[in-house]
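Biologist: I would like a close look at a single part of this protein, set against the whole. Please take one helix and go through what its residues touch and how much of them can be reached from outside.

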Amino acid sequence: MIEGGFLYLGVVVGLAGLIAYLESSSKSKFFKYVPGIVLIYFGGAILKTSGIIGATEGIDATYGNVRDALLPMLILLMLLNCDLRKLVKLGPKMLIGYFAASLSIVLGFVLTYLLFQGLYAPETWQAFGALAGSWTGGSANMVIIQGILDVPENIFGYALIMDTVNYSTWVMIMFWLVPFSGVFNKWAKADTSHLDEITAELKEEHEEKQQKSISFVHLMGLFSLAIFISAVAAKFGELLPEFGTVVNATTWTILIVSIVGVVLAMTRIAKVPGSMDVANVLLYVVIALIASRADFTQLFQAPIYIVSGFVILAIHGLVLMIAAKLFKMDLFTLGVSSLANIGGMASAPLLAGAYHRSLIPIGVLMALAGSFMGTYYGLLVAKILSFL
């Protein structure tokens, strides 16, 4: 049994590193359907459930200290890629599509929670808040909300199951619809001419950044900046007042870091390559830490959560179709808007590329917008559900 805090941290980080290596080096289609993040979660949970990772004060202290330190660093580095000024370039229809997708997901969580409330385990509202953060921004937002709300690791497991099963199915449907875009656009009476102008400008900017190589100085600078700003934000967060279960010291810390990240994204610091790479390292480590506290004994309740996920997505899809008819929006705009929320950087650019390679930068930019907004949408869902 692992009882020491340092050994515990070594095993957890080692697990994350091993799965990251296997995911990047394997040519199997397995990782296409089962993301590395999910494998890290199940691996950590098995270590905890089997008793290999014990329950000691040293492990508890290591878990809390490391997680609380890495969360604000993660969101700062993630937001360095999100220059809000560029969102204006997407045009009104793209922005309408994005916000229609976001708000429909929030609505879906609220209505579904009301429908199945009596069948859920306690504290499910917290897990739904975390999952809403993921489905309006990406996995990093889910991890951040888990830290803010202190979602029980067992219940958090249900959110991850939904994030795998329901998300994978939705992505498959979005790609399956690509060949039918002409039929859909005719039905919605959509005009796609605005995409050409937007794509040309964004493509040039995206290719310029991709050509830059990452050096030791870049990585050291980003890591140092992230630690410094996170530490200062945490100190200020402790001094600000708390409001209920949602707004606490961690919430204030994340808010301060988010503001700083958005401001820095409009400076030369945003041009330093490697921020997303370092952010992904932190994301995998935090996921492994959370997983190491989970217990699989309650997984028999998972079916109702999977059903709930499909109900949420059905509401989401229905609202998008209504928006398409009202605003004459094309399938590309709706599809990328949807996956920019639900899938984030992992799938929105891929779907954009499925329509045409030149459209990939639009998928990237919309996914980055989701990474900024997801945390706040998730907290909004959690706050609403806590009153129901």
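Modeller: What follows is a walk along helix H5, after a short view of the whole chain. The model is a predicted one, and it holds 17 helices and 0 strands. Of its 388 residues, 52% count as buried, and the accessible surface comes to about 17,200 Å², of which 69% belongs to carbon and sulfur atoms. Among contacts with a separation of 6 or more, 84% join residues that lie 24 or more positions apart.

Helix H5 covers residues 91-116, and Leu107 is a useful place to begin, being found in this helix. Leu107 counts as partly exposed because its relative accessibility is 38%, which falls between the limits of 20% for buried and 50% for exposed. On the surface, Leu107 belongs to a nonpolar patch together with Leu111, Leu114, Leu380, Ile384 and Leu388, and these residues have about 460 Å² of accessible area together. Two elements give two or more residues to this patch, namely H5 and helix H17 (360-386), and the largest share, 3 residues, comes from H5. As background, an α-helix has 3.6 residues a turn, so residues three or four places apart point the same way.

Thr112, also in H5, offers a contrast with Leu107: Thr112 is buried, because its relative accessible area is 0%. Beyond its neighbours within four places in sequence, Thr112 is in contact with Tyr120, Ser308, Val311, Ile312 and Ile315. Several of these partners, including Ser308 and Ile312, have numbers that fall within helix H14, residues 302-327. H14 has 26 residues and reaches 38 Å from its first C-alpha to its last, close to the 38 Å expected at 1.5 Å a residue. After H14 comes Lys328, whose phi is positive, near 55°.

Phe109 brings the nonpolar interior into view. The largest nonpolar core has 102 residues, and Phe109 is one of those that touch the most other members, along with Tyr8, Leu77, Phe128, Trp135, Phe156 and Tyr305. A second, separate core of 10 residues includes Ala101, Ala188, Met329 and Leu334. Setting aside neighbours within four places in sequence, Phe109 is in contact with Phe128, Leu131, Ala132, Trp135, Ile312, Val381 and Leu385. Ile312 is thus listed as a partner of Phe109 and also as a partner of Thr112.

Conventions. Residues are numbered from 1 along each chain as its sequence is written. This is a predicted model: local features need pLDDT of at least 70, side-chain atom pairs count only at pLDDT 80 or more; totals for chains, interfaces and linings use all residues. Side-chain values use heavy atoms; hydrogens and water are left out. Patches are made of residues with over 30% relative accessible area and no salt bridge: like charges are joined within 9 Å, nonpolar side chains (Val, Leu, Ile, Met, Phe, Trp, Tyr) within 5 Å. Accessible areas come from the Shrake-Rupley method with a 1.4 Å probe; for residues, only the protein chains shown count as cover. A salt bridge is a side-chain nitrogen of Lys or Arg within 4 Å of a carboxyl oxygen of Asp or Glu. Helices (H or I, at least four residues) and strands (E, at least two) are DSSP runs, numbered from the N terminus. Buried means under 20% relative accessible area, exposed over 50%, partly exposed in between (1.4 Å probe, protein chains only). The expected span of a helix is 1.5 Å times one less than its number of residues. A nonpolar core is a set of buried Ala, Val, Leu, Ile, Met, Phe, Trp, Tyr and Cys residues joined through side-chain atoms within 4.5 Å. Contact means heavy atoms within 4.5 Å.
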